[in-house]
Amino acid sequence: MTAIVLLSGGMDSTTLAYRVHREYDEDIHALSFDYGQRHRKELEYADITAEKLDARHDVVDLSDLGRLLGGSALTDTVDVPEGHYSDDTMRATVVPNRNAIMLNVAIGVAVARKADAVYCAVHAGDHPIYPDCRPEFIDKLNDLQVVATDGFRLSDLTVEAPFVFRTKAEIVEIGDMLGVPWLDTWSCYQGGDIHCGRCGTCVERAEAFAIAEVADPTPYEDPAFWTEQVAQT
Ligand SMILES: [Zn+2]
């Protein structure tokens, strides 16, 4: 069967893609989204993973939408905040309704491709600041897609978020067991040559490896910064 996987090129969605491919034994059609983010680097990493998993990969161009949804540090000239991901400052990285928009596009593709599942890698660490990454959102979206695609979808089509109650560190543990090549993943919001080590997602990445007690192969420009941030929280 074919599964649609939202693949951003980050650690969570890459781990999910490997899991869907190996554990659930599904063919993957990976979807990435260009929503006018400040850099396109993560899309290149998504492509690497799709190729390794022998998956079809499409980048959906929502860049115009990104312009309309401006005001986020991910799409605009607002500075990318440094520090711990759970800080209030990270609210600057919210692109309103982004996950809901992407998932609804993916549901449409799932119907067109006669896929039996749409997978997304939202996790527990997303819940505080991203409302459309919470369990109740996934539940409601499943209710919605049943109504919205009635008569067209495969009858067992579901939106799956297997990491929704998992922490980032638990995802690292799962990825470690699956042999996910971490250097094929990109987290940094800055889009430099290597991970900056200072932005929220870099701090979150380094911390997740440490908590999971999995060796972090990522080169960071500022490798010690995250430990200072975690010590402050
Ligand atoms: Zn960074």
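**Figure 1. The whole protein and its surface.** About 10,600 Å² of the protein is exposed, and 50% of that area comes from carbon and sulfur atoms. Accessible areas here come from the Shrake-Rupley method with a 1.4 Å probe, and for residues only the protein chains shown count as cover. This is a predicted model, in which local features need pLDDT of at least 70, side-chain atom pairs count only at pLDDT 80 or more, and totals for chains, interfaces and linings use all residues. Residues are numbered from 1 along each chain as its sequence is written, and side-chain values use heavy atoms, with hydrogens and water left out. Of the 233 residues in the protein, 55% are buried; buried means under 20% relative accessible area, exposed means over 50%, and partly exposed is in between (1.4 Å probe, protein chains only).

**Figure 2. Helices, strands and contacts.** Look along the chain and you will find 8 helices and 5 strands. Helices (H or I, at least four residues) and strands (E, at least two) are DSSP runs, numbered from the N terminus. Starting from the N terminus, their order is β-α-β-α-β-α-α-β-α-β-α-α-α. Among contacts with a separation of 6 or more, 71% are between residues 24 or more positions apart; a contact means heavy atoms within 4.5 Å.

**Figure 3. The zinc site.** Which residues are the protein donors of the zinc ion? They are C188, C196, C199 and C202, each through its SG atom, at 2.3 to 2.4 Å from the zinc ion. Donors are N, O and S atoms within 2.8 Å of the metal (3.2 Å for Na, K and Ca); water is not among the atoms, so sites may look incomplete. In sequence, the spacing of the donor residues is C-x7-C-x2-C-x2-C. The site is tetrahedral, with angles of 104 to 115° among its 4 donor atoms; four donors count as tetrahedral if all angles lie between 85 and 135 degrees. For comparison, the ideal angle for four tetrahedral donors is 109.5 degrees. C188 is buried because its relative accessibility is 1%, and C196 is buried too, at 9%.

**Figure 4. A network of salt bridges around K168.** Side chains of opposite charge can pair when their charged atoms come close. A salt bridge is a side-chain nitrogen of Lys or Arg within 4 Å of a carboxyl oxygen of Asp or Glu, and the structure holds 6 of them. One of these joins D12 and K168, whose closest N and O atoms are 3.0 Å apart. D12 sits in helix α1 (residues 11–22) and K168 in helix α6 (residues 168–178), so this pair ties together parts 156 residues apart in sequence. K168 also meets E204 in a salt bridge (3.5 Å, N to O). Here helix α7, with E204, is linked to helix α6, with K168, across 36 residues. D12, K168 and E204 thus appear as a network of salt bridges. D12 and K168 are both buried, and E204 is buried as well.

**Figure 5. A salt bridge between two loops.** D222 pairs with R198 in a salt bridge, with the closest N and O atoms 2.5 Å apart. Because D222 lies in the loop between α7 and α8 and R198 in the loop between α6 and α7, the pair ties together parts 24 residues apart in sequence. Are these residues buried or partly exposed? D222 is partly exposed at 22% relative accessibility, and R198 is partly exposed at 29%.

How values were computed. Four donors count as tetrahedral if all angles lie between 85 and 135 degrees; four count as square planar and six as octahedral if opposite donors are over 155 degrees apart and all others between 65 and 115; anything else is irregular.
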